[in-house]
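Please work through the exercises below with the sequence and the structure at hand. Each task is followed by a solution that goes step by step.

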Amino acid sequence: EKTVSRKISAITNYFLWLETEKVLSVNPAQAIRYLRITSPLPDILFDEECQKLLTAAIKDPRMYFLVLLLLETGIKKEELLDLKLVHFDFSNKYAPELWVKHTGKKVRKDRKLKLPPEVVPVFNDYVKQYGISDTLFPYTPRFIEMILTDAAKRAKLQKKVTAGILRDTFVVRCLRRGEDIDQVLKKIGLNEGTWEDAKEKYLKLAGRAI
């Protein structure tokens with residue numbers, strides 16, 4: 001239903017634009033009526049739960065770095081799996097940065113993200129202990145989710161923890177800190193065509209977050 005709703009919305013907006021631009025004198029999509037479908041809000045983590053998750057993961061450099069990176073960047077799982085060591089700039093250890101790189105049509109999603117200084121020693125511990133030499137997380141998507149599930153169990157959280165949940169949690173934490181929602185959506189590389197739904201979702205989540 002949501003897919004159908006989005007396609008109808010695209011069609012009606014397109015014909016409305018054609019009418020506005022005087023390409024058409026009559027809008028053939030004007031009579032289309034549809035109900036906007038919204039997905040249920042995800043169950044994000046609150047600040048106390050984020051801290052429990054990090055504390056539970058601290059004994060394993062891989063688990064700790066994975067959780068910290070997702071909570072501090074909000075990158076998608078596919079972006080996470082494409083990261084390489086050369087994408088991290090630690091030339092200023094007090095202001096480390098991460099380049100999120102894409103190829104082909106998605107190159108417009110390339111962006112530079114600021115990282116907290118505490119990422120640097122965690123990164124070094126993980127790379128050294130796990131012998132990482134190129135790709136940062138040379139694992140399958142399923143294995144990444146297994147690590148996050150294990151972290152949630154160690155933290156004794158009742159909520160499900162996934163890469164997607166941590167991405168949503170990142171956005172809400174940014175909004176709660178007073179960051180502009182447009183800048184946050186750019187920060188996570190979200191396609192501007194989906195901003196309307198995303199803004200509604202995240203503003204609702206930020207309103208209920210603790």
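The exercises that follow concern a predicted model, and they go from the chain as a whole to its sheet, its cores and one of its pockets.

**Exercise 1.** Describe the protein chain by its helices and strands, and then by its overall extent.

*Solution.* Begin with the count, which gives 9 helices and 3 strands in the protein chain. Next, follow the sequence from its start, where the pattern reads α-α-α-α-β-β-β-α-α-α-α-α. Then turn to the extent of the C-alpha trace, which spans about 65 × 35 × 35 Å along its principal axes. Finally, consider burial: of the 210 residues, 41% count as buried, a label that requires under 20% relative accessible area.

**Exercise 2.** Work out the order of the strands in the open sheet, and explain which strands stand at its edges.

*Solution.* The open sheet has 3 strands in the order 1-2-3, and their pairing is antiparallel. Strand 1 (88-89) and strand 3 (111-114) each have a single partner strand, so one side of each is left without a neighbour in the sheet, and these two stand at the edges. Looking at one pairing in detail, strand 2 and strand 3 are joined by 4 bridges, and Glu97 has Lys114 of strand 3 as its bridge partner.

**Exercise 3.** Find the residues that touch the most other members of the largest nonpolar core, and say which helix gives the most to this core.

*Solution.* The largest nonpolar core holds 43 residues, and Phe65, Leu69 and Phe137 are those that touch the most other members. Several elements supply at least two residues each, among them helix 2 (47-57), helix 3 (61-73), strand 2 (97-100) and helix 6 (141-154). Helix 3 gives the most, with 9 residues. Taking Leu69 as an example, and leaving aside residues up to four places away in sequence, its contacts include Leu80, Phe88, Leu98, Leu115 and Phe137. A second, separate core consists of 15 residues, including Ile181, Val184, Leu185 and Ile188.

**Exercise 4.** Characterise the second largest pocket by its space, its lining and the kinds of residues found there.

*Solution.* The space in the second largest pocket comes to about 280 Å³. Its lining is made up of 15 residues, and Glu72, Lys114, Phe170, Glu179 and Lys187 lie nearest the centre. When the lining is sorted by kind, 4 residues are nonpolar, 2 are polar and 9 are charged. As for where they come from, helix 3, strand 3, helix 7 and helix 8 (181-187) each supply at least two residues, while the largest share, 4 residues, belongs to strand 3.

How values were computed:
Residues numbered from 1 in each chain as written. Predicted model: local features only at pLDDT ≥ 70, side-chain atom pairs only at ≥ 80, totals over all residues. Heavy atoms only, no water. Core = buried A, V, L, I, M, F, W, Y, C linked by side-chain atoms within 4.5 Å. Buried < 20%, exposed > 50% of the residue type's maximum accessible area, 1.4 Å probe, protein only. Contact = heavy atoms within 4.5 Å. Pairing = 2+ DSSP bridges. 1 Å grid on protein atoms, 1.4 Å probe; cavity = no way out; pocket = protein on both sides within 12 Å on 5 of 7 lines; lining within 4 Å. Points joined across faces, edges and corners; volume = space filled by probe spheres on them. Nonpolar A, V, L, I, M, F, W, Y, C, P; charged D, E, K, R; others polar.
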